[in-house]
Amino acid sequence: MPEKSHPPLALIEAVIPIASLILLVALSYYLFGDRGSSGPNQVALVIATMVAVLVTRRHGHTLEDLGNAAITSVSSGIGAIFILFSVGALIGTWALSGTLTAMIYYGLQLLNPNYFYVTAAAICAVVSFGIGSSWTVVGTIGIGLMGISTNMGLDPAITAAAVISGAYFGDTTSPLSDSANLAAGAANANLYAHIRETVLTSIPALGLALAVFWFFSGAGSFDASAKLAAINDAFHISPALFVPLIIVVGLALFKIPPFTTIFLGALAGGVLAVIIAPDRVLTFADADDSVPRWLGLIKGIWLALASGYVSTSGDLTIDMLATRGGMSSMLDTIWLVITAFAFGGVVEKDGNLSSIDRPDHQGGKINREPYRRTGCRRIGNEHCDCRSISRCRPAGADVQK
């Protein structure tokens with residue numbers, strides 16, 4: 001049975017839901033700042049969705065139709081949601097095993113005091129690609145680099161630019177980035193295909209930034225031995241900690257689906273933690289004495305997968321860096337994904353965006369005459385039947401057969 005047709009939206013009706021969303025998100029940011037992503041923005045999306053429902057209801061759509069449209073839209077993002085869950089799990093076990101801190105450790109060894117700006121950007125790029133979080137890099141390594149640059153008498157503005165340039169490289173190109181996963185899910189695109197496309201612009205941009213920072217760099221001095229020793233004491237750094245990363249990269253090269261690849265990497269991180277640092281796993285699990293040791297180890301991995309790892313090394317910087325991850329850490333992002341997809345499904349049902357994209361509509365009908373005339377003029381034709389470009393003839397040609 002063909003779907004019942006509905007009259008198209010007027011331009012003002014099409015704009016109302018979008019304008020409501022913009023105003024509500026702006027109000028959320030004004031009232032809550034960065035904390036808006038932890039709930040207020042999602043509430044704004046829900047309210048904007050209800051506004052869209054009220055608008056589309058006036059054009060004959062039933063609540064059941066609109067509900068099904070929202071469900072269908074959210075269903076298209078289920079793959080991205082599970083990938084986000086697996087990313088949270090991976091970060092949790094990699095923090096527990098020490099894989100994340102190993103990236104920091106070897107990254108700091110790359111710091112060249114003679115070319116501070118360019119090495120700072122490179123370190124932030126490598127670490128952000130490894131952990132998939134630009135904000136984490138800026139809030140941990142970035143703060144440390146800012147302090148170092150001040151002690152070395154370097155320009156803090158250029159240092160901040162180097163940190164941000166490197167940090168946002170991983171945010172767009174890492175398969176562990178929630179931004180990359182969300183963008184791929186929203187576009188219903190393959191994650192790796194999406195990353196391959198973003199790499200085409202991200203790598204040249206990073207290369208250009210590194211060239212600029214190399215030009216600005218100058219001689220300086222910095223001793224990272226104290227920080228390196230603190231990290232090594234807390235996590236006993238060794239190349240073996242990169243085994244989970246190698247597994248993830250290998251599975252990705254074999255084009256294993258993203259969820260499977262990332263979750264297997266998370267499990268590998270948990271197994272590595274049990275092998276290399278079982279005491280750390282047991283301490284984190286905080287299991288009762290009556291619980292067998294092997295069950296305590298399973299509990300520690302389970303907790304890291306579910307709610308992330310909490311570092312208790314005693315060093316504030318290290319604890320801030322290593323305390324992260326878990327599926328629960330992705331719930332705010334997933335909540336945002338669900339509400340955004342629901343809103344998109346409702347506004348797409350009655351063609352809000354297509355109505356906005358056609359501001360020349362008159363009384364619900366598209367005025368095609370400007371397009372026809374433009375098409376005729378572009379092919380240099382004055383003797384043209386504008387209902388069909390294929391029927392156009394050169395100016396001055398005989399119109400008789």
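This passage looks at the nonpolar core and at how helix α2 packs against two other helices in a predicted model. Residues are numbered from 1 along each chain as its sequence is written. Local features need pLDDT of at least 70, side-chain atom pairs count only at pLDDT 80 or more, totals for chains, interfaces and linings use all residues, and side-chain values use heavy atoms, with hydrogens and water left out.

The largest nonpolar core (buried Ala, Val, Leu, Ile, Met, Phe, Trp, Tyr and Cys residues joined through side-chain atoms within 4.5 Å; buried means under 20% relative accessible area with a 1.4 Å probe, protein chains only) holds 71 residues. Its largest share, ten residues, comes from helix α4, residues 78-97 (helices are DSSP runs of H or I, at least four residues, numbered from the N terminus). Among the residues with the most contacts inside this core are W94 and F213.

Now for the packing of α2 (residues 40-57). Its axis comes within 9 Å of that of α1 (residues 11-32), and the two cross at roughly 160° (axes are lines fitted to C-alpha atoms over the stretch in contact, and angles run from 0 to 180 degrees between N-to-C directions). That makes α1 roughly antiparallel to α2 (angles over 145 degrees count as such).

With α17 (residues 331-349), α2 packs at an angle of about 15°, the axes being 9 Å apart. The pair is therefore roughly parallel (under 35 degrees). On the α17 side, W335 and F343 are among the residues making the contact (heavy atoms within 4.5 Å).

Notes: Buried < 20%, exposed > 50% of the residue type's maximum accessible area, 1.4 Å probe, protein only. Parallel < 35°, antiparallel > 145°, perpendicular 65-115°, else oblique.
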